[in-house]
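User: I am new to this protein and would like a quick tour. Can we go through it by question and answer?

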Amino acid sequence: MARKPDNFSIATFNVGELKRRTYKMLGVFEKVKSYDICILQETHFSSLSDIIFFDQIFESKFKIFHSLAKSYCTGICILITNKITVDKTMQIFDIPGRSLGIQLLYYDNKYIICGIYAPAKQSERDAFFQQVLYEFTNVVHVTDVLIVGDFNFVENPKIDRYPD
């Protein structure tokens, strides 16, 4: 039996549109291939036909979960390396293009991984996080939860934003 690793390597990237951009997909693959779990934001995939080529590149290395975009600048993808022996993986919620939650059963432990791509506008972001919270209240109790992604949060606009 394979030895259970003590930890996972995890990365998150805002990829800024992969749709129909082969060279960019290959670059992203090179960047993420050494990680166990990757969350990609802003893929811009909006249909199954958009993800076919992406999946062909990534499926040799990863289990792939998509949340398709409902608007131009959205889309989430969670990648889990095939090196991790997972007993069961299932998608548990999807806020189209903005958030994707999956549950892993790994050595009798349940984990939830949630990829986030929050809206940039404060009013939309508040409503979005209320919806994410609602989704979590409908999930079976799991103590190991990882929420990763682009939260579009600016703590101090004077230092976190370029001047207009």
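User: In which strand is Ile80 found?

Analyst: A word first: this is a predicted model. Ile80 sits within residues 76-81. That stretch is strand β4.

User: Is Ile80 buried or exposed?

Analyst: The cut-off for buried is under 20% relative accessible area. Ile80 has a relative accessibility of 0%, so it counts as buried.

User: Which residues is Ile80 in contact with, leaving aside its neighbours within four places in sequence?

Analyst: The list includes Asp36 and Thr89. Ile102 and Leu104 are also among the contacts. Glu59 is 21 residues away along the chain, with 9.8 Å between its C-alpha atom and that of Ile80. The full set touching Ile80 is Asp36, Lys61, Phe62, Lys63, Phe65, Thr89, Ile102 and Leu104.

User: How many helices and strands are there in the protein, and how do the elements run from the N terminus on?

Analyst: The protein has four helices and eight strands. From the N terminus on, their order is β-α-β-α-β-β-β-β-β-α-β-α.

User: What is the radius of gyration of the protein, which has 164 residues?

Analyst: For 164 residues, the globule rule gives 15 Å. The value for this protein is close to that, so it is as compact as a globular protein of that length. Along the principal axes, its C-alpha atoms fill a box of roughly 55 × 40 × 30 Å. The radius of gyration is 16 Å.

User: What share of the residues of the protein count as buried?

Analyst: The accessible surface comes to about 9,500 Å². Carbon and sulfur atoms hold 53% of that surface. Of the 164 residues, the buried share is 45%.

User: Which residues of helix α1 are buried, and why do they line one face?

Analyst: Helix α1 covers residues 22-32. Its buried residues are Met25, Val28, Phe29 and Val32. They line one face because, seen down the helix axis, they fall within an arc of 105°. An α-helix has 3.6 residues a turn, so residues three or four places apart point the same way.

User: Which elements do the buried residues of α1 pack against?

Analyst: One of the partners is a helix, α2 (48-58). Strand β4, home of Ile80, is also among them. The whole set is β1 (10-14), β2 (37-41), α2, β3 (62-67) and β4.

User: Where is Gln41, and how far apart in space are Gln41 and Gly149, C-alpha to C-alpha?

Analyst: Gln41 belongs to strand β2. At 2% relative accessibility, it counts as buried. Leaving aside neighbours within four places in sequence, its contacts include Phe13, Tyr117 and Gly149. Gln41 and Gly149 are 108 residues apart in sequence, and their C-alpha distance is 7.0 Å.

User: How many salt bridges does the structure hold, and which side chains meet at 2.9 Å, N to O?

Analyst: The structure holds two salt bridges. Glu17 forms one with Arg21, where the closest N and O atoms are 3.3 Å apart. The 2.9 Å bridge joins Glu30 and Lys33.

User: Are Glu17 and Arg21 buried or partly exposed?

Analyst: Buried means under 20% relative accessible area, and partly exposed runs from there to 50%. Glu17 has 11%, so it is buried. Arg21 has 29%, so it is partly exposed.

User: Where does His44 lie, and what is its phi?

Analyst: His44 lies in the loop between β2 and α2. Its relative accessibility is 4%, so it counts as buried. His44 is among the residues that Glu17 touches, not counting those up to four places away in sequence. Phi of His44 is a positive value in a residue other than glycine, near 70°.

User: What is phi of Glu17, and in which loop is its place?

Analyst: Phi of Glu17 is also positive in a residue other than glycine, near 90°. Its place is in the loop between β1 and α1.

User: Which residues make the nonpolar surface patch of about 370 Å²?

Analyst: One member, Phe151, is in the loop between β8 (144-150) and α4 (157-160). Phe151 has a relative accessible area of 32%, so it is partly exposed. The patch is made by Val145, Ile147, Phe151 and Phe153.

How values were computed:
Residues numbered from 1 in each chain as written. Predicted model: local features only at pLDDT ≥ 70, side-chain atom pairs only at ≥ 80, totals over all residues. Heavy atoms only, no water. Helix = DSSP H or I, 4+ residues; strand = E, 2+ residues; numbered from the N terminus. Buried < 20%, exposed > 50% of the residue type's maximum accessible area, 1.4 Å probe, protein only. Contact = heavy atoms within 4.5 Å. Arc of directions from axis to C-beta. Patch = residues over 30% accessible without salt bridge, like charges linked within 9 Å, V, L, I, M, F, W, Y side chains within 5 Å. Areas by Shrake-Rupley, 256 points an atom, 1.4 Å probe, with all protein chains shown as cover. Salt bridge = Lys/Arg side-chain N within 4 Å of Asp/Glu carboxyl O. Rg over C-alpha atoms; globule rule 2.2 N^0.38 Å.
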